[in-house]
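This report covers the nonpolar cores, the cysteines and two buried polar residues of one protein model. The sequence and structure come next.

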Amino acid sequence: MFFNFGIKDAIDILLVGMMLYYVYRLMRASRSLNVFVGIVFFIVVWLLVSQVFEMKLLGTILDKLASVGVIAIIVLFQDDIRKFFFNLGAHQRIRLLTRFFMPKHTKDKDKEQLKRDIIPIVMACMQMSKGKVGALIVIERDMALNDVASTGETVNANINQRLIENIFFKNSPLHDGAMVISKHRIQAAGCILPVSHNLDIPKELGLRHRAALGMSQESDALVVIVSEETGGISIASAGHFRLRLSAEELEAVLTEELSK
């Protein structure tokens, strides 16, 4: 049997290994690692009973449980599965492939629009940093943020430096929430973000930073934070921080990330 092992068998094992690895990462990110261990244990027992020991009755029962279990997993982890396939489709190489087929004038137009969007954000953040005015700005990318925007007040206005500063002014009723920027417009303000429970976040970072990190873990959005305590400007992206940014660094990071 060993000598019948061929290239197709090697590819088969490799693909199964990759699939298990990505499922493991998905479960670990969603704090469901014990569920993953339980699923793997069930699969091993199922294979032993049905394939190795050929127990027909118990094998039939486990076959039925496996069919129902797949549906149950999809229902229980639908958000995580959706995020997994979204991240797969948003992989950098795939995005570069689709961008390759875009007309050149479309790319140039996108760059001009991107610059018009970024400059007011950078200028507003610098002014708020000087006055130590806290701010939380979520910039949508590929993953829609309508559910987050619905937790706040609809603004639907052009991206404007003064408007951003007024929304986060300390006496403004919306200054404690987050602003959502979508499709080149300020979509909503005063929005509620999911808070990260990551224990590795430095203690000096407050609730705004935890909310920003949580948002970056739940979506592909860029989140700009202005600290009310220090005036420092930071960006949260893909579950990581870039701290203490200057105006030039903030503009460079936004341009780089939003151009992808």
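At 5% relative accessibility, Glu257 is buried, because the cut-off for that class is under 20%. The model described here is predicted. Glu257 belongs to helix H10. Its side chain makes a polar contact of 3.0 Å with the side chain of Arg242. Setting aside residues within four places in sequence, Glu257 contacts Arg141, Leu222, Ser237 and Arg242.

Ser227 sits in the loop between S5 and S6 and is likewise a buried residue, with 8% relative accessibility. Its side chain is directed to two backbone nitrogens: that of Glu229 at 3.3 Å and that of Thr230 at 3.2 Å. Beyond four places in sequence, the residues in contact with Ser227 are Lys132, Gly134, His209 and Gly232. The C-alpha atom of Ser227 is 8.5 Å from that of Leu205, a residue 22 positions away along the chain.

The table lists the polar contacts of these two side chains.

| Side chain | Partner | Distance |
|---|---|---|
| Glu257 | Arg242, side chain | 3.0 Å |
| Ser227 | Glu229, backbone nitrogen | 3.3 Å |
| Ser227 | Thr230, backbone nitrogen | 3.2 Å |

The nonpolar residues are considered next. In soluble globular proteins, nonpolar side chains tend to be buried together. The largest nonpolar core of the model has 29 residues, and the members touching the most others are Ile137, Ile164 and Leu254. Two or more residues each are supplied by helices H6 (104–130), H8 (161–167) and H10 (247–258), and by strands S1 (135–139), S3 (178–182), S4 (185–191), S5 (222–226) and S6 (233–237). H6 gives the largest share, seven residues.

Which residues does Ile137 touch, not counting those up to four places away in sequence? They are Ile121, Cys125, Ile164, Phe168, Met179, Ile181, Leu222, Val223 and Val224. Apart from the largest core there is another, made up of 17 residues, including Cys191, Met215, Val223 and Ala236.

Two cysteines have already been named among these residues. Cys125 is buried, at 0% relative accessible area, and Cys191 is buried as well, at 4% relative accessibility. A disulfide is a covalent bond between the sulfur atoms of two cysteines. With a cut-off of 2.5 Å between cysteine sulfur atoms, the model has zero disulfides.

Technical notes:
Residues are numbered from 1 along each chain as its sequence is written. This is a predicted model: local features need pLDDT of at least 70, side-chain atom pairs count only at pLDDT 80 or more; totals for chains, interfaces and linings use all residues. Side-chain values use heavy atoms; hydrogens and water are left out. Buried means under 20% relative accessible area, exposed over 50%, partly exposed in between (1.4 Å probe, protein chains only). A nonpolar core is a set of buried Ala, Val, Leu, Ile, Met, Phe, Trp, Tyr and Cys residues joined through side-chain atoms within 4.5 Å. Helices (H or I, at least four residues) and strands (E, at least two) are DSSP runs, numbered from the N terminus. Contact means heavy atoms within 4.5 Å. A polar contact is a pair of N or O atoms within 3.5 Å; within protein, one must be able to donate a hydrogen and the other to accept it, and residues adjacent in sequence count only if both atoms are side-chain atoms.
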